[in-house]
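Let's walk through this structure together, starting with how its copies are arranged and ending with its DNA strands.

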2 protein chains.
Amino acid sequence: MPSLSSGLLGDLDPTSDRAVFRQIADQLREAIDRGRFKEGAKLPSEAELVEHYGVSRMTVRNSFSVLQGEGLVHAEHGKGVFVRPRPPVRRLASDRFARRHRDQGKSAFIVEADAAGSHPQVDGLEVKEEKASQDISTRLGSVRRVLARRRRYLLDGRPVEFATSYLPLDIARGTQIAEPNPGPGGIYARLEELGHRLDHFEEEIRARMPSPSEVKTLRLASGVPVIHLVRTAFDTEGRAVEVCDTVMAADAYVLNYQLPAT
Amino acid sequence: MPSLSSGLLGDLDPTSDRAVFRQIADQLREAIDRGRFKEGAKLPSEAELVEHYGVSRMTVRNSFSVLQGEGLVHAEHGKGVFVRPRPPVRRLASDRFARRHRDQGKSAFIVEADAAGSHPQVDGLEVKEEKASQDISTRLGSVRRVLARRRRYLLDGRPVEFATSYLPLDIARGTQIAEPNPGPGGIYARLEELGHRLDHFEEEIRARMPSPSEVKTLRLASGVPVIHLVRTAFDTEGRAVEVCDTVMAADAYVLNYQLPAT
DNA sequence: CAGGCATACTCGTATAGACGAGTGGGCAAG
DNA sequence: CTTGCCCACTCGTCTATACGAGTATGCCTG
């Protein structure tokens, strides 16, 4: 039997008009912030908190759901509720598509991860021709059908990113871009070999909560948003030659950009 | 008495091992996605759904809380649960700090919002000297104390962004930068007048769920993440002359960047 | 000693009921 | 007609209970 007496937590203020479950959430949050519960540590069980505060179990669960929504903790069935550890983040530099990074035989993702000491994997590779969505069609300049290259990226076994590249068929069909393995330097290297000299990229960044299918694909804990990045590659003639739609687990990424002061 | 018969919703599958509240959430989500409930529309009330599905009220509330966590709906006490409308977004262009945008008398935020037909406000202005946090100190190159300029930005009455600029005291003290109104072109114009010719900016972007204080400051609905952007300005000598820490309501922003293919 | 099972602990799901508080419409009194 | 109150409807909070399912541990059996 658990001896409880979770000495780190205070009492409720019955005179306060703050809801009880919020008061409990506040105390737990503060305890976490102060380091009384460290990353990965187990919080008191529901039963212990019921005992400690003298409230019903649903009230305690309600507190936990507040903290889950904030991304502070996560529950594991049969084990307990734990302070969510901050996973190692992947930093995306704004020069990651520079030509000088394209001469290796491996993809940028693999090279970076190796350098950071993580174990990278690429997964769920799928290459096919399909009808362009309204959005993609607009971005690529009114194309009807496109070549789509889908893949998922994992770091140390954890899915962190899901990306789809779209290319106009008149560019990609029949080239190595339409093969599962696009070869050294990736599709940007192939595009340039095909005479589409790249001029610049435009990136569009949003953050939002994931859809259920994204939760599944990225195995996201509750309270983790996604970063949605859409990159369009333009050649020197101003034509959009590729659109890459990427959904990233927000807790696994920091994006870096360098801007000239002009 | 409500006549219910919310004909748009199906039945539960008792053989499914998917939890009842998830099935209900799924049906509501699908109805929203299909446009059966439009933006801003009211969903059936808890009581109606209790009736329709023959489940207890807590189960229905549980479904709603799933959708709230996804940022799809929001509840209004005494009124109902509504499909969350997508607010107008502010697009941040990567050239927004170019010198050519600095000659007007008004701040970039005001100019942009006016152009977009929204009503901009700046709020909670606070300028003071304070101790630099560990992080800020590191970014500015080991300064102890800094000038901090805090302000909140609103669009059509809605808070969308909360920003703090930090500057080393040896640069900012006694200048117009230390005044509430930094003058035309903002602090970057003043910095250049003071001889700190700007070379480039570095921006660091994260997305996460907001802290309770951020929820309050930005009046965030549940299920809305924040974008956390930290920008460092460097002068031509490579010195960091300003750090701007910005927290944005993620549903109000799209960030745009343009990258050279190098 | 190894394997398997029982058990106690964990969270997950669901029910039923109670009261409170915000909102808005309708009715009644002035 | 206007004012003000009441009531019905909404979601918010909380209690108490029940059973299910995942996990870990230790004991018991072979």
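A turn of 180° and a shift of 0.1 Å along the axis lay chain B on chain A with an RMSD of 0.1 Å, superposed by least squares on the C-alpha atoms of residues with pLDDT of at least 70 in both. The two copies are thus related as by a two-fold rotation axis. Both copies use the same surface, as 100% of the contact residues of chain B recur in chain A; contact means C-beta atoms, placed from the backbone, within 7 Å.

A word on conventions: this is a predicted model, where local features need pLDDT of at least 70 and side-chain atom pairs count only at pLDDT 80 or more, while totals for chains, interfaces and linings use all residues. Residues are numbered from 1 along each chain as its sequence is written, with chains lettered from A and ligands numbered from 1 in the order in which they are written.

Now look at A:Met248, whose contacts include A:Val160, A:Val226 and A:Tyr253, leaving aside residues up to four places away in sequence.

Next comes the DNA. Around strand C there are 24 residues (C-beta atom, placed from the backbone, within 6 Å of the strand), and A:Ser45, B:Val20, B:Met58, B:Thr59 and B:Gly78 come nearest. The surface near DNA strand C divides into 11 nonpolar, eight polar and five charged residues. DNA strand D is surrounded by 23 residues, the closest being A:Val20, A:Met58, A:Gly78, B:Ser45 and B:Glu46. The surface near DNA strand D has 11 nonpolar, eight polar and four charged residues; here Ala, Val, Leu, Ile, Met, Phe, Trp, Tyr, Cys and Pro count as nonpolar, Asp, Glu, Lys and Arg as charged, and the others, Gly among them, as polar.

Note on methods: Two residues are in contact if their C-beta atoms, placed from the backbone, lie within 7 Å.
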